[in-house]
Amino acid sequence: MPMKRWRYTCCAEDGEILTTSELCSTCGRPGEYVGWQYDRLESMAVYQNIYGLRPVGPHRPLADRLYAECRTRCFYCKGNGLLDQPADNSYAICPMCMGAGYFLSLDRAGADALHARILAEYPDAAAPPRIGDVAGAIIAQDVSKGFMIDLERPDPDDDE
Ligand SMILES: [Zn+2]
Ligand SMILES: [Zn+2]
């Protein structure tokens, strides 16, 4: 489930901490509202959806370096992928980036070429991008395969 988060620098030992509480748990000062953010598993599923790669693995340093060059943070949702929906104190998927939080300045061919370059070095890195509605799904990590699945929509070719 996406949660609202606040940023604290007052009592953070190095830099800042993000929590789901409106007040600092140490000194009680109000934090800086950051907005709705995905939980850890949802973030991993978003990653998999965008890149078609497993969210965790030895390919990440290479993939992160290659994609960092063509990533632009979405100005609309400030990189969260989610927007405040004050009417019902809820969130909405950002319509600009479709919930990703950023844009890749790649065309289809460029994206395919990067993907192929990562798989050439790490053949096990591929994961099917299959979770359509990340925030509404029940996300889990299939530990045996290393990628994320939607528990409410079992994969048809799960026993490959
Ligand atoms: Zn504090
Ligand atoms: Zn956005």
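The following exchange concerns a predicted model of a single chain.

Reader: What makes the set of 25 residues a nonpolar core?

Author: The term requires buried residues of types such as Ala, Val, Leu and Met, joined through C-beta atoms within 7 Å. Ala45, Val46, Leu53, Leu82, Val134 and Met148 have the most contacts inside this core. Their residue types are all on the permitted list, so their place in a nonpolar core agrees with the definition. In soluble globular proteins, nonpolar side chains tend to be buried together.

Reader: Which elements each supply at least two residues of this core?

Author: Helix 1 (40–51) and strand 9 (147–150) do so. The largest share, 5 residues, comes from helix 1.

Reader: Why is Leu82 said to touch Trp36 and Ala135?

Author: Contact means that the C-beta atoms of two residues lie within 7 Å, and therefore Leu82 meets that limit with each of them. Residues up to four places away in sequence are not counted, and the partners of Leu82 also include Pro2, Cys77, Tyr91 and Ile93.

Reader: What share of the chain is called buried, and by what criterion?

Author: Buried residues make up 24% of the 160 residues. Each of them is called buried because 20 or more other C-beta atoms lie within 10 Å of its own.

Reader: How is the chain divided, and how far apart are the centres of the domains?

Author: Domain 1 covers 1–37, and domain 2 covers 39–70 + 106–150. Their C-alpha centres lie 28 Å apart.

Reader: How many helices and strands are there, and in what pattern?

Author: The chain has 3 helices and 9 strands. Along the sequence, the pattern is β-β-β-α-α-β-β-β-β-α-β-β.

Notes:
Residues numbered from 1 in each chain as written. Chains lettered and ligands numbered in written order. Predicted model: local features only at pLDDT ≥ 70, side-chain atom pairs only at ≥ 80, totals over all residues. Buried ≥ 20, exposed ≤ 12 C-beta atoms within 10 Å, placed from the backbone. Helix = DSSP H or I, 4+ residues; strand = E, 2+ residues; numbered from the N terminus. Domains from an automatic or database assignment.
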